[in-house]
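Please examine the structure below together with its sequence. The account that follows leads from the interior to the loops.

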Amino acid sequence: MKLSESIVFVIYLAFMLSIGIYFFFRDRNGGEKTYFLGDRKMGAWVGALSAGASDMSAWVLMGLPTAIYAAGLGEVWISAGLAIGYACSWIFEAPRLRSFSVVAGDAITIPQYLSNRFLSKSKSLQVICALVFLFAYTIYTASSIKACGILFHKVIGIETLTAMYISVFIIVGYTFLGGFSAVCWTDFFQGLLILGAMLIAPVFATFVLEPSAQPINDPGFWNAFGDWKKIVSGLAWGLGYFGMPHIIIRFMSIKSQKELKKSAVIGISWTVLIVFFAALIGIIGRIKLGMNEEICQNELVFVQMVRMIFPGVISGILLSAVLAASMSTADSQLLSASSALVSDIYKPIVCKGEVNNRELIWIGRAVVLIVALAALALATHPGAGSIMGLVSNAWGVFGAAFGPAILLSLFWKRFNFSGAVFGILGGAVADILWLICLPSTGIYELFPGFVIGLIAAVIATLATPKPSEDVLSLFERALKYQTSEEK
């Protein structure tokens, strides 16, 4: 344990918590839209880096580099899939989602948008979406909490379980207090830190560390095209972006189409650099550190590399990037789960809309705490699995369930409420069943789940009556609104 690393960690955590306290007092008179969407006032830089940081949790600094470190270039297709999918989501999905969400009753959550998009009085779609949110976000948040625990244990030396409790306290603290604005601003600073760490670590490792005494004798390590299943599965990761609520909610929060275009350039550039350097860390780590079972088991190639190269203060700052990656994703997931339950179940069904904004905010804060505790219980369970495994499970459910429905709602005028319901259910069920029953195929469950969800949505739409004239008119108004904002 390095004392200087510990001091840097404490300072960093205090800074994150102070942001939550600041926005708690700044926005204390705000309402539901302020707490859950920041009043749609996010600028280009904050929106872009917040979206990126909320996406790239600790798995991009721990899980992905270690997967490449252990298995070789066949895993780089995950990086390629993420870069392509993220770019496509900003270019094609983001402009329309922002405009459609405004025209569709100024929706502040994804379930609310989908229901408003079809002018439906039924709350079934919102309930289905919210339940999927709670299930998947508990798994996703558990991966971030587990990463924090491993990192604290490795750097500071405290027990992993204790470290997880501390991490939850900090994450819940600033999310509980400051809401969406606090989450976005903490993610902004954390996004800068993540990028800096991933740029510096592999460059210094290349010139400072001596190569391992054991050369890489496995020819398969350097073969990126050896297994078509890895290629398909890796590229399929990109499909997840189209239905990832805590990421695409940022598209809805940006204050204008002009700012959104700037955000797209910043966000795409940031993510391409991140996934490229994640792959580079894995490759350089294998060359310089050799094969080490402890590194593979605990997903520590980046941590090990940084601690070997840099003095305590610098390594503390760089390792804080792992903490930043974990926290920036966990906070977004907690807030998305909270907003879904409050805005899509509690407000319209339990209270039937008769509730004041202050009550909604405090109910939202309570949900943040409950989901965090459930995720903590999962993270501390011995059979929880690896960080990368937890992320891939949650990522698959979200992408398969919501990706097809959201894309069709933005680009197909004939798409209707029934299509959305069957698409979401079909994608989620197919993804989970594939994971449970067909893991031996070697195909990442997101791919078949997305395809089945898309087919189910199309068939259900064509088998049921077309949308009403009011719904068709809403589609046209959303397109006109987008065009007017772009001028």
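The paragraphs below treat the nonpolar core, a buried charge and two backbone angles.

This is a predicted model, in which local features need pLDDT of at least 70 and side-chain atom pairs count only at pLDDT 80 or more, while totals for chains, interfaces and linings use all residues. Residues are numbered from 1 along each chain as its sequence is written, and side-chain values use heavy atoms, without hydrogens and water.

The largest nonpolar core (buried Ala, Val, Leu, Ile, Met, Phe, Trp, Tyr and Cys residues joined through side-chain atoms within 4.5 Å) has 159 residues. Buried here means under 20% relative accessible area, exposed over 50%, and partly exposed in between, with a 1.4 Å probe and protein chains only. Trp-59, Trp-90, Trp-395 and Phe-402 touch the most other members of this core. Helix H7 gives the most to the core, with 17 residues; helices are DSSP runs of H or I with at least four residues, numbered from the N terminus. Not counting residues up to four places away in sequence, Trp-90 has contacts (heavy atoms within 4.5 Å) that include Phe-251, Ile-254 and Leu-260.

Glu-299 is found in the loop between H12 (293–298) and H13 (301–309). Glu-299 is buried yet has no salt bridge, that is, a side-chain nitrogen of Lys or Arg within 4 Å of a carboxyl oxygen of Asp or Glu. The nearest side chain of opposite charge, Lys-146, is 6.6 Å away, where Lys and Arg count as positive, Asp and Glu as negative, and His and the chain ends are not counted.

Most residues other than glycine have a negative phi. Asp-106, in the loop between H5 (76–103) and H6 (110–117), has a positive phi of about 55°. Leu-119, in the loop between H6 and H7 (124–155), has a positive phi of about 50°.

Methods: Helices (H or I, at least four residues) and strands (E, at least two) are DSSP runs, numbered from the N terminus.
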